[in-house]
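Biologist: I should like a close look at one part of this model, the way its helices are set against one another, followed by an account of what else can be seen in it. Please explain each step of the reasoning as you proceed.

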Amino acid sequence: MAIRGLIFDLDGVLVDSARYHFKAWKMLSASLGIDFTEEQNEELKGISRADSLKKIVNWGGIELTEQEFADAMERKNSWYLELIQDMSPDEALTGCRAFLKSAQGTYRIALGSASRNARSILQRVELISFFDALVDGNDTTRSKPDPQVFQLAAERLGLEPEECVVFEDAVAGVQAAKAAGMRVVGVGAPEVLHEADAVIAGFAGFGPREMEQGLMAV
Ligand code: BG6
Ligand code: MG
């Protein structure tokens, strides 16, 4: 089916914020006396704040009361917000602005992110004007790999899942897009994102034409 909609994940696809999430989770884990590795962080990509903390608590083998859990989420987010406070348009990932520019008008464009900070980040990096619809962590009740976020994005674009292509850097996100019945371009390493229909290292030198060609056989 013809591609009519593009749905973008935010962290790690449009914005180089994954490293800030990692730093903030590392600080939070340390404050709870839990060791936290980069491999574990890979499993948190695309996962909501609450579900990420559940995993960390589980890995650390500790228990938190409801209040301690809420405080820990709040702490992580305020560290994260501190880390990104000086985020500027040059922190949009290389090539994604040019990609969005050349896609605008031809495709309907949506955001499908787990982040509750998505809207303010898109504003900071000055990408928000490219989007016809935004779906973020404030709109969803289930974390990726559940397809909810992408289903809602397609719905808000007025398109069928089969007409949409998702851009994702997280394994859980690729799985969510597939579960929604959409085609997926992985952004990152092919060995990590092997469930995607095509994988790119980034948007440099990649345009809508390359996307159409890369997904033609899918
Ligand atoms: C996703 C990130 O986009 O958003 C996750 O990949 C993050 O690492 C999640 O936990 C939730 O983000 P936030 O900004 O609401 O804490
Ligand atoms: Mg991501």
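Modeller: An axis is a line fitted to C-alpha atoms, taken for a helix over the stretch in contact, and the angle between two axes runs from 0 to 180 degrees between their N-to-C directions. What follows describes a predicted model.

Two packed helices are described by the angle between their axes and the distance between the axes. The axes of α3 and α4 come within 10 Å and cross at roughly 110 degrees. That angle makes α3 roughly perpendicular to α4, because angles of 65 to 115 degrees are counted in this way. In this crossing, which is right-handed, α3 passes α4.

Helix α1 meets each of these helices in turn. Its partner α3 covers residues 49-60, and the axes of α1 and α3 come within 11 Å and cross at roughly 45 degrees. The helices α1 and α3 are therefore oblique to each other. The crossing in which α1 passes α3 is right-handed. Helix α4 covers residues 66-83, and α1 packs with α4 at an angle of about 140 degrees, their axes being 9 Å apart. This angle makes α1 oblique to α4, because an angle has to be over 145 degrees to count as roughly antiparallel. The crossing of α1 and α4 is right-handed. One further contact may be placed here: the charged end of K76 sits over the ring of Y80, 4.7 Å from the ring centre.

From the helices we may turn to the metal site. The magnesium ion (ligand 2) has as its protein donors D9 (OD), D11 (O) and D169 (OD), at 2.0 to 2.1 Å from the ion. Along the chain these donors follow the spacing D-x1-D-x157-D. D11 lies in the loop between β1 (5-8) and α1 (18-31), whereas D169 lies in the loop between β4 (164-168) and α8 (171-179), so the pair ties together parts that are 158 residues apart in sequence. Both D11 and D169 are buried.

Strand β4 also carries an aromatic residue. A search of the whole structure finds 11 aromatic pairs. In one of them, the rings of F99 and F167 have their centres 5.5 Å apart and their planes at 65 degrees, so the pair is edge-to-face. F99 lies in helix α5 (residues 96-103) and F167 in strand β4, so this pair ties together parts that are 68 residues apart in sequence. F99 and F167 are buried.

F99 takes part in another pair. The rings of F99 and F203 have their centres 5.2 Å apart and their planes at 50 degrees, so the pair is tilted. It links distant parts of the chain, with F99 in helix α5 and F203 in the loop between β6 (198-200) and α9 (208-215), 104 residues apart. F99 has a relative accessible area of 1% and is buried; F203, at 2% relative accessibility, counts as buried. In the wider picture, F8, F99, F131, F167, F203 and F206 form one aromatic cluster.

Helix α5 also contains R97. At 25% relative accessibility, R97 counts as partly exposed. R97 and I128 are 31 residues apart along the chain, and their C-alpha atoms are separated by 11 Å.

Some features of the backbone deserve a closing look. Most residues other than glycine have a negative phi, and most peptide bonds are trans. The phi of E126, however, is near 55 degrees, a positive value in a residue other than glycine. E126 lies in the loop between α6 (118-124) and β3, and at 51% relative accessibility it counts as exposed. K144 and P145 are joined by a cis peptide bond, with omega about 15 degrees. P145 lies in the loop between β3 (133-135) and α7.

Helix α7 (residues 148-157) includes L152. At 19% relative accessibility, L152 counts as buried, because the limit for that term is under 20%. From C-alpha to C-alpha, L152 and D136 are 9.8 Å apart in space, while in sequence they are 16 residues apart.

Key:
Residues are numbered from 1 along each chain as its sequence is written. Chains are lettered from A and ligands numbered from 1 in the order in which they are written. This is a predicted model: local features need pLDDT of at least 70, side-chain atom pairs count only at pLDDT 80 or more; totals for chains, interfaces and linings use all residues. Side-chain values use heavy atoms; hydrogens and water are left out. Donors are N, O and S atoms within 2.8 Å of the metal (3.2 Å for Na, K and Ca); water is not among the atoms, so sites may look incomplete. Helices (H or I, at least four residues) and strands (E, at least two) are DSSP runs, numbered from the N terminus. Buried means under 20% relative accessible area, exposed over 50%, partly exposed in between (1.4 Å probe, protein chains only). Rings of Phe, Tyr and Trp (its six-membered ring) pair if their centres lie within 6.5 Å; planes under 30 degrees apart count as stacked, over 60 as edge-to-face and the rest as tilted. A charge sits over a ring if NZ of Lys or CZ of Arg is within 6 Å of the ring centre and within 35 degrees of the ring normal. Angles under 35 degrees count as roughly parallel, over 145 as roughly antiparallel, 65 to 115 as roughly perpendicular and the rest as oblique. A crossing is left-handed if the near helix is turned anticlockwise from the far one by less than a right angle, and right-handed if clockwise.
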